[in-house]
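The following note is offered as a guide for a first reading of the structure. Its points are best read with the sequence and the three-dimensional view side by side.

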Amino acid sequence: MAERTALVTGAAAGIGAACAKRLARDGVAIGVLDLDAQRCAGTVEEIAAAGGKAVALGADISDRAQVVAAVARLREAFGPISILVNNAAITGYGPFLELTDEQWERVLKVNLTGTFIVTQVVLPDMIAAGWGRLINISSSGAQSGAKHMAPYISSKGGLISLTRALAVEFGPSGVTANVVPPRFITGTIMSEQSFAGQKQPRGREAEVEAGPIQREGRPEDVAGAVAWLASEEAGYVTGQVIGVNGGRYI
Ligand SMILES: NC(=O)c1ccc[n+]([C@@H]2O[C@H](COP(=O)([O-])OP(=O)(O)OC[C@H]3O[C@@H](n4cnc5c(N)ncnc54)[C@H](O)[C@@H]3O)[C@@H](O)[C@H]2O)c1
């Protein structure tokens, strides 16, 4: 994986940070993108301390000008990008009939439109190289349904379809596109807030017991799947949905 460059969005914390650190360990130079560059610095420092290469990129994925500037900085630092992990996302809860247009649009704008923007800005590098890996982080809620999360799971379902569209359109250019819908990955800002706010259907212990794999998921569990999908070995895998959910959705 040496000589490759990856962009990981939402990489200041949680699953994104784990993906960035894992890919860096595999020899990939990383663009650590998140809302502000300072928040990315911790991930960059950890990567550097472990002997890897990374640069902090402060940007909002739903703002095209910011994405274009961040991607330009990454290319300048480490050259063309051949791996993209679209991980940044926000959530939001509420009964469907009470949702406002603003609540709906806010989530769709980041999770779906933001992913569209970042992918469109990065993809030309992969096409030019004849090799690329697009990996989108969805949610198992998009597969199973989830109460009071209509905008979020609609955006995440959109990512599954977007991934399939990209797989079909860019396979002939040497680019694979796959989607990882996780579930019950704890220790991240998003999951800890949802347990603290009692937004989950079960408490953590009940959730552990309810699944075939009876433990909490870790950001590193997702990073392992992402690293494999980014590797040479996964070159015949495209358009696939690879759940990392402890068997909580089969
Ligand atoms: N943790 C879980 O159990 C779980 C389950 C299903 C799906 N997911 C998905 O995994 C991904 C990572 O989630 P996490 O649990 O690590 O959450 P997290 O909140 O810890 O991390 C998300 C990161 O994205 C960043 N971000 C948000 N909006 C952004 C924007 N507009 N531009 C740039 N960065 C932005 C945040 O600042 C944050 O650092 C998300 O796509 C989430 O939907 C997580």
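1. The model discussed here is predicted. A suitable starting place is strand β4, which covers residues 83-86. From this strand I83 and V85 point one way, whereas L84 and N86 point the other way. In a regular strand the side chains alternate between the two faces of the sheet. All four of these residues of β4 are buried.

2. To which strands is β4 joined? Three bridges join β1 to β4, and four bridges join β4 to β5. In both cases the strands run parallel. Individual partners can be located in the view: L7 has L84 of β4 as its bridge partner, and V85 stands opposite I135 in β5.

3. These strands belong to an open sheet of six, whose order is β3-β2-β1-β4-β5-β6 and whose pairing is parallel. The edges are formed by β3 (54-58) and β6 (175-180), each of which pairs on one side only. On average, and with direction ignored, neighbouring strands of the sheet are turned by 15° against each other.

4. Towards one edge, strand β5 (residues 132-137) is joined to β6 by six bridges, and the two run parallel. One position to inspect in this pair is I137, which stands opposite V180 in β6.

5. Which helices pack on the sheet and touch β3? Helix α2 (residues 37-49) packs on the sheet and touches β2 and β3. The direction of α2 makes about 170° with that of β3. Helix α3 (residues 64-78) also packs on the sheet, where it touches β1 (5-9), β2 and β3. For α3, the angle with the direction of β3 is about 165°.

6. Residue L159 lies in helix α6. Is L159 buried or exposed? Its relative accessible area is 2%, which is under 20%, and L159 therefore counts as buried. With residues up to four places away in sequence left out, L159 touches N111, L112, T115, N136, I137 and S138. Although L159 and N86 are 73 residues apart along the chain, their C-alpha atoms are separated by 9.6 Å.

7. Two residues merit a check of their backbone angles. H148, in the loop between α5 and α6, has a positive phi of about 60° although it is not a glycine. Q198, in the loop between α7 and α8 (204-210), is likewise not a glycine and has a positive phi of about 50°. H148 is partly exposed, with a relative accessible area of 38%, while Q198 counts as exposed at 71% relative accessibility.

8. The final point concerns empty space. Rolling a probe the size of a water molecule over the atoms shows where such space is left. The largest pocket has a volume of about 1300 Å³ and is lined by 50 residues. Which residues lie nearest its centre? They are T91, Y152, T188, M190 and S191.

9. The elements that give two or more residues to the lining of this pocket are α1 (14-25), β2 (29-34), α4 (101-129), α5 (141-144), α6 (150-170) and α7 (189-196). The largest share, six residues, comes from α7. By class, the lining of the largest pocket has 23 nonpolar, 17 polar and ten charged residues.

Definitions and conventions
Residues numbered from 1 in each chain as written. Predicted model: local features only at pLDDT ≥ 70, side-chain atom pairs only at ≥ 80, totals over all residues. Heavy atoms only, no water. 1 Å grid on protein atoms, 1.4 Å probe; cavity = no way out; pocket = protein on both sides within 12 Å on 5 of 7 lines; lining within 4 Å. Points joined across faces, edges and corners; volume = space filled by probe spheres on them. Nonpolar A, V, L, I, M, F, W, Y, C, P; charged D, E, K, R; others polar. Pairing = 2+ DSSP bridges. Axes fitted to C-alpha atoms, helices over the stretch in contact; angles between N-to-C directions. Contact = heavy atoms within 4.5 Å. Buried < 20%, exposed > 50% of the residue type's maximum accessible area, 1.4 Å probe, protein only.
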